[in-house]
Amino acid sequence: MTPRAATRPVGTVTRGTTNPNRLRRMDRWIAATHGAELRRAAEPVAVDLGYGAAPWTAVELLGRLRTAAPRTRVVGIEIDPARVAAARPYEREGLEFRHGGFEVPLPARPHLIRAANVLRQYDEERVAEVWAGLCARLAPADGPGSRGGLLVEGTCDEIGRRHVWVALGPEGPRTVTFATRLGSLDRPSDLAERLPKALIHRNVPGEPVHFFLRDFDRAWAAAAPYASYGARQRWIRTVRDLAAVWPVTDGPSRWRQGEVTVAWSALAPGG
């Protein structure tokens, strides 16, 4: 790939905190739900945007995506030149690292942009602008059945037990996914601390995400008898009940992973 002419990267340097396997839940969800789109593309390219002080998440993303779409290439993009230089020794076939930011300095539009734990350090007012810019960089739909590229933006804890992310297409936000290691969970609203920047300050009475987490906790409490069969069975029963009143977009095969995905329109601020 021929790089664009040098431009000033858009964004600011983040703390760069990263750990191996931190993003495994997000990666596996992407491979399962977006793998068909990557396989469809002639030259599928995925971006690990703001991978941090070490390249582990980009290396892992390549391996996980290639289980679903073997031709996928991954480009790690970081705004800190020193981090790019440190990552270069890890380049291999299908994996490279570049200096850049939210402008995503690639000659072609990527089919996936993963931006994990990046916007957490920005003001909420910046989110819509950054989302719009990144969505505009995504590959468009390329035929029947295609929905185009995917932006996955969200937050997780330091060792990857709890995640919440928003999935966006070229047209804008689509869904919100809550994912957790079930053995670490006391109640679903524990995930509130990992809400992405667009939602974390909206977890207050009167906002949809607050109502959702309230109903999630109530369904979890009602499903307490299923705890004798294990946390997974309790979670599945909880989500099944939640889906009766909220637009849950996935099914039991994902619930078994400790996940639930809800339409963005139901949780959008002010909705």
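**Close-up 1. N117 in this predicted model is buried, with a relative accessible area of 15%.** That puts N117 under the 20% cut-off, so the residue gets the buried label. Look for N117 in the loop between strand 4 (112–116) and helix 4 (127–137). Its backbone is the fun part: phi of N117 is near 60°, a positive value in a residue other than glycine. Most residues other than glycine have a negative phi.

**Close-up 2. N21 is another asparagine to check for its backbone, with a positive phi of about 65° although it is not a glycine.** You'll find N21 in the segment before helix 1. Is N21 buried or exposed? Neither, quite: at 35% relative accessibility, N21 counts as partly exposed.

**Close-up 3. Helix 1 (residues 24–40) meets helix 2 (residues 56–68), with axes that come within 8 Å and cross at roughly 45°.** That angle makes helix 1 oblique to helix 2. As for the hand, helix 1 passes helix 2 in a right-handed crossing. Which residues do the touching? On the helix 1 side they are R24, D27, I30, A31, G35, L38 and R39, and facing them from helix 2 are E60, L61, R64, L65 and A68. Sorted by class, this contact has 6 nonpolar, 1 polar and 5 charged residues.

**Close-up 4. S189 sits in the loop between strand 7 and helix 5.** At 18% relative accessibility, S189 counts as buried, since the cut-off is under 20%. What does S189 contact, leaving aside its neighbours within four places in sequence? The partners are L213 and D217. Both L213 and D217 belong to helix 6, where they are listed among the buried residues.

**Close-up 5. E193 is also found in the loop between strand 7 and helix 5.** At 41% relative accessibility, E193 counts as partly exposed. Not counting residues up to four places away in sequence, E193 touches R120, R162 and I200. For a sense of scale, take E153: the two glutamates are 40 residues apart in sequence, and their C-alpha atoms lie 15 Å apart in space.

**Close-up 6. Helix 6 (residues 208–222) has the length you'd expect from its residue count.** At 1.5 Å a residue, its 15 residues should span 21 Å, and the end C-alpha atoms are indeed 21 Å apart. Plenty to look at along the way: P208, V209, F212, L213, D215, F216, D217, A219 and W220 are buried in this helix. So what covers them? The cover includes strand 7 (172–180), helix 5 (197–200), helix 7 (231–242), strand 8 (259–263) and helix 9 (264–267).

**Close-up 7. Helix 7 has 12 residues and reaches 16 Å from its first C-alpha to its last.** That is close to the 16 Å expected at 1.5 Å a residue. The buried residues here are R234, W235, I236, T238, V239 and L242. What covers those residues includes strand 7, helix 6, helix 8 (252–255) and strand 8. The arrangement also reads the other way round, with helix 7 among the elements that cover the buried residues of helix 6.

Technical notes: Residues are numbered from 1 along each chain as its sequence is written. This is a predicted model: local features need pLDDT of at least 70, side-chain atom pairs count only at pLDDT 80 or more; totals for chains, interfaces and linings use all residues. Side-chain values use heavy atoms; hydrogens and water are left out. Axes are lines fitted to C-alpha atoms, for helices over the stretch in contact, and angles run from 0 to 180 degrees between N-to-C directions. Helices (H or I, at least four residues) and strands (E, at least two) are DSSP runs, numbered from the N terminus. Angles under 35 degrees count as roughly parallel, over 145 as roughly antiparallel, 65 to 115 as roughly perpendicular and the rest as oblique. A crossing is left-handed if the near helix is turned anticlockwise from the far one by less than a right angle, and right-handed if clockwise. Contact means heavy atoms within 4.5 Å. Ala, Val, Leu, Ile, Met, Phe, Trp, Tyr, Cys and Pro count as nonpolar, Asp, Glu, Lys and Arg as charged, and the others, Gly among them, as polar. The expected span of a helix is 1.5 Å times one less than its number of residues. Buried means under 20% relative accessible area, exposed over 50%, partly exposed in between (1.4 Å probe, protein chains only).
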